[in-house]
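Subject: Structure handover

Hello,

The structure is below, and my notes on it follow. Please read them with the coordinates open.

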Amino acid sequence: MSAQDEDRELSLKLWVVLSRAHAALADHAQADVVRHGLTLAEFGVLEVLFHRGPLLLGAVQRKVLVSSGGITYLVDRLVRQGLVERRPCPEDRRARYAALTGEGTALIERIFPDHARAMQRAMAGLAMEEKRAAAALVRTLGRSAADQETA
């Protein structure tokens with residue numbers, strides 16, 4: 001087998017392994033957040049606002065990896081639940097910030113530690129040094145793929 005053929009085979013195998021690992025870990029994340037009446041995407045919005053503070057909707061969208069219509073839908077749902085509020089942007093009247101309400105802050109402060117432990121348990125198959133190495137490798141892979149044009 002040529003080096004190019006072997007590289008192609010390994011690339012395909014890595015794609016399958018990454019996909020299966022992501023699905024298995026996502027199942028753990030989903031099972032944890034559903035206990036609180038949230039979807040993974042809703043939890044993602046709450047988590048990013050908790051750790052980053054108020055953000056423009058476009059920034060939230062990029063952090064949680066949803067479409068512009070998707071972020072509007074998610075924020076609308078969280079506003080109706082009283083967990084998030086929209087705030088005007090003083091520099092751009094068309095832009096809006098998303099921010100946690102007091103109720104949203106209280107919820108994420110209460111549930112995030114359990115979520116972090118659930119994800120730690122889900123990743124217990126790797127030692128700490130393996131987690132560091134895996135995170136670095138996957139980050140490098142993701143950045144490289146993002147820099148390339150899609151077919």
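Two strands pair if DSSP finds at least two bridges between them. On that basis, strand E2 (residues 84-89) pairs with E3 in the antiparallel sense, over six bridges. Please keep in mind throughout that this is a predicted model.

The sheet

The E2-E3 pair belongs to an open sheet of three strands in the order E1-E3-E2, with antiparallel pairing. E1 and E2 are the edge strands, each pairing on one side only. Strand E1 (residues 55-56) runs antiparallel to E3 and is joined to it by two bridges. In that pairing, Leu55 stands opposite Ala98 in E3. On the E2 side, Glu85 is opposite Ala99 in E3, and Cys89 is opposite Asp92 in E3. The connection from E2 to E3 is a hairpin through two residues.

Helix H5

Helix H5 covers residues 102-122, which makes 21 residues. At 1.5 Å a residue it should span 30 Å, and its end C-alpha atoms are 30 Å apart, so the expected and modelled values agree. H5 nevertheless bends, by about 35° at Phe112, and a proline, Pro113, follows within four residues.

Which residues of H5 are buried? They are Gly104, Leu107, Ile108, Ile111, His115, Ala118 and Met119. An α-helix has 3.6 residues a turn, so residues three or four places apart point the same way. The buried residues of H5 pack against helix H1 (3-34), helix H2 (40-52) and strand E3 (92-100).

His115, which sits in H5, has 9% relative accessibility and therefore counts as buried, the cut-off being under 20%. Leaving aside neighbours within four places in sequence, His115 is in contact with Ala29, Asp32, Val33 and Phe43.

Two other charged-type entries to look at

Glu42 lies in helix H2. Is Glu42 buried or exposed? Glu42 counts as buried, because its relative accessibility is 0%. Not counting residues up to four places away in sequence, Glu42 touches Gly37, Leu74, Arg77, Leu78 and Gln81.

Arg143 is placed in helix H6. Its relative accessibility is 56%, so Arg143 counts as exposed, the cut-off being over 50%. Arg143 and Gly102 are 41 residues apart in sequence, and their C-alpha atoms are 36 Å apart in space.

The largest pocket

How much space lies in the largest pocket? The volume is about 1,500 Å³. Its lining is made up of 33 residues, and those nearest its centre are His22, Leu25, Met119, Met123 and Val138. The elements that give two or more residues to this lining are H1, H2, helix H3 (57-64), H5 and helix H6 (128-147). H1 gives the most, with 11 residues. Met119 thus appears twice in these notes: it is among the buried residues of H5, and it is one of the residues nearest the centre of the largest pocket.

Regards

Definitions and conventions
Residues are numbered from 1 along each chain as its sequence is written. This is a predicted model: local features need pLDDT of at least 70, side-chain atom pairs count only at pLDDT 80 or more; totals for chains, interfaces and linings use all residues. Side-chain values use heavy atoms; hydrogens and water are left out. The expected span of a helix is 1.5 Å times one less than its number of residues. The bend at a residue is the angle between axes fitted to the seven residues ending there and the seven starting there. Buried means under 20% relative accessible area, exposed over 50%, partly exposed in between (1.4 Å probe, protein chains only). Contact means heavy atoms within 4.5 Å. On a 1 Å grid over the protein atoms alone, a cavity is a set of points where a 1.4 Å probe fits but cannot get out, and a pocket is an open set with protein on both sides within 12 Å along at least five of seven lines; lining residues have an atom within 4 Å of a point. Grid points are joined across faces, edges and corners, and a volume is the space filled by probe spheres set on the points.
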